[in-house]
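The following exercises concern the structure shown below. Each task is followed by a solution that proceeds step by step.

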Amino acid sequence: MTSPSFGSTLPWAEPSWYTGRPSPYYKDSHRRLRDAVRKWCDEHIAPYNEEWIEQGSIPTHLYAECAKAGLLIPIAAGKAIPPEWAHYPIIGDIPAAEWDGFHDFVLWDELVRGGSVASLFIGLVVGAPPLRHFASKSLQDKIFPEILSGEKRICLAVTEPACGSDVRNLTTTAEKTPDGTHYIVNGEKKWITNGMFSDYFMTAVRTGGPGAEGISMLLIPRSEGLKTRPISVIAGPLSATTYVTFEDVKVPASYLIGQEGAGFRQTMVNFNHERLWIAFQALRGCRIAIHDAFQWALKREAFEKKLIEQPVVRYKFGNMGRQIDALQAWTEQVVYELEILSDKDGARLLGGTTALLKVESGIVCKYVAEECLKIMGGLGLTKTGQGSRIESFYRAVPSFVVPGGSEDVLIDLGVREALKISMQAEKAKSRL
Ligand SMILES: Cc1cc2nc3c(=O)[nH]c(=O)nc-3n(C[C@H](O)[C@H](O)[C@H](O)COP(=O)(O)OP(=O)(O)OC[C@H]3O[C@@H](n4cnc5c(N)ncnc54)[C@H](O)[C@@H]3O)c2cc1C
């Protein structure tokens, strides 16, 4: 017996477990979450989405509504909600103790389907984890109530104009004042998502000498000397990509995240969830595109046939479907492994795998976006109407390929990590 299907019944438009097929990963609470997020997005986002895209911004008040709806806690938490956040609302009334990595996956799957609202949360997803995992309790107690209530916003600022993939060589400096109470920050950060509307910048800075050991993470409040200006990017303005400059910005020394010199490792650990989360988003992007392309192929006629009656068009759908299914299965496997492993073992064993998963997401997106665009014909290049979601997905593909670690860099990282694990296993065997 299968359960009734949820959402679209078009092939690959929803994950297979939505269609009623069995899965070992999803329980009632995942279904409840899926239903609640979809309903919330259909009511609060869908009716306004096109208008927001056209005007290039989302109304500020929506963020507070997101907090009230219980979206910010799980977004900031990722795969596990700490007990001290249990008193905040959580969408779908999922108990904090039950929240797991599959809830995180379902939440993002539905938010991305919901439309442009997902772009509001990018800074929170990547900026909050260093605060939660590495900051002092007193700093957490001060900052989290502000950002979890939606009163203030946070982003992650690592990349600089002259230093992206090569994080070890960043040059923004944070120098202690002679009395040791503050840091004075000088430098520049580039392509910082959500920076325009952020109050806090989780920033990688140089507090010591050259290389990785000289890097620290510092939470910098928007204050005198910190300036932001927008950068126009291919995917559009909604995620507020930002150029940040720091000119003698004075930051309390207590805003240091963990120890001086720990910033490089903190940045690398943070990347693992970011890369997995990019896979979540890529999957739903592909599903939206294939959904719209199917709808069109089932009704558009050319050469006295529906498009779907052309074997060449079916060949495209088959190739897209097998890649989407494979990406879903691999993503679920990684989510499952991270659920079972300790955080430390997850980071050690799956850093390279999540890098390669993120690469695969970009490659599948590139393929699906291009094939769907061709199926739509001219509509696939049009910003309004039936091809508009495919047009915007096509433009968004580079955002799955470069941010969070560029494709070429991550392929290399994946191999180096795999070899490292292989050598560790060999050594462990020889000790037996
Ligand atoms: C829209 C957008 C949003 C972003 N959001 C954020 C954010 O919120 N916070 C943040 O800190 N950063 C952010 N970034 C920055 C992003 O992480 C970097 O752009 C990315 O890491 C690549 O760095 P880079 O642009 O300096 O490219 P570079 O490091 O200069 O690399 C350019 C290219 O050179 C090649 N290359 C470089 N090194 C190697 C290598 N070792 N092996 C093989 N090939 C290599 C690759 O093809 C790479 O794509 C964002 C970027 C964009 C475009």
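**Exercise 1. Describe the surroundings of the ligand, beginning with the polar contacts of its nitrogen and oxygen atoms.**

Step 1. A nitrogen atom of the ligand has a polar side-chain atom of T159 at 2.7 Å. The model is predicted, so local features are reported at pLDDT of at least 70 and side-chain atom pairs only at pLDDT 80 or more, while totals for chains, interfaces and linings use all residues. Residues are numbered from 1 along each chain as its sequence is written, and side-chain values rest on heavy atoms, with hydrogens and water left out.

Step 2. The side chain of T193 places an N or O atom 2.7 Å from a nitrogen atom of the ligand. For S406, a side-chain N or O atom lies 2.5 Å from an oxygen atom of the ligand. A polar contact is a pair of N or O atoms within 3.5 Å; within protein, one atom must be able to donate a hydrogen and the other to accept it, and residues adjacent in sequence count only if both atoms are side-chain atoms.

Step 3. On its own the ligand has 970 Å² of accessible area, of which the protein covers 64% (Shrake-Rupley method, 1.4 Å probe). Two or more residues of the shell come from each of β1 (154-157), β3 (182-192) and α12; helices (H or I, at least four residues) and strands (E, at least two) are DSSP runs numbered from the N terminus.

Step 4. In total, 15 residues surround the ligand (a heavy atom within 4 Å). The closest are T159, S165, W191, S406 and D408. The shell consists of 8 nonpolar, 6 polar and 1 charged residues. In this classification Ala, Val, Leu, Ile, Met, Phe, Trp, Tyr, Cys and Pro are nonpolar, Asp, Glu, Lys and Arg are charged, and the others, Gly among them, are polar.

**Exercise 2. Establish which parts of the chain are linked by the salt bridges of R284.**

Step 1. A salt bridge requires a side-chain nitrogen of Lys or Arg within 4 Å of a carboxyl oxygen of Asp or Glu. This rule gives 27 salt bridges.

Step 2. In the pair E14 and R284, the closest N and O atoms are 3.0 Å apart. E14 belongs to the segment before α1 (28-44) and R284 to helix α8 (residues 263-299), so this salt bridge ties together parts 270 residues apart in sequence.

Step 3. R284 also forms a salt bridge with E110, with the closest N and O atoms at 3.8 Å. Here helix α5 (residues 101-114), which holds E110, is linked to helix α8, the two residues being 174 apart.

Step 4. E110 and R284 are both buried (under 20% relative accessible area; exposed is over 50%, and partly exposed in between, with a 1.4 Å probe and protein chains only). Shared partners join E14, R38, D109, E110 and R284 into one network of salt bridges.

Step 5. E14 counts as buried because its relative accessible area is 5%. The side chains of E14 and R38 are also joined by a polar contact of 2.9 Å.

**Exercise 3. Identify the residues of the nonpolar surface patch and locate I411.**

Step 1. I411, V415, L419 and M423 make a nonpolar surface patch of about 380 Å². Patch residues have over 30% relative accessible area and no salt bridge; like charges are joined within 9 Å, and nonpolar side chains (Val, Leu, Ile, Met, Phe, Trp, Tyr) within 5 Å.

Step 2. I411 is part of helix α12 (residues 407-431). With a relative accessible area of 35%, I411 is partly exposed.
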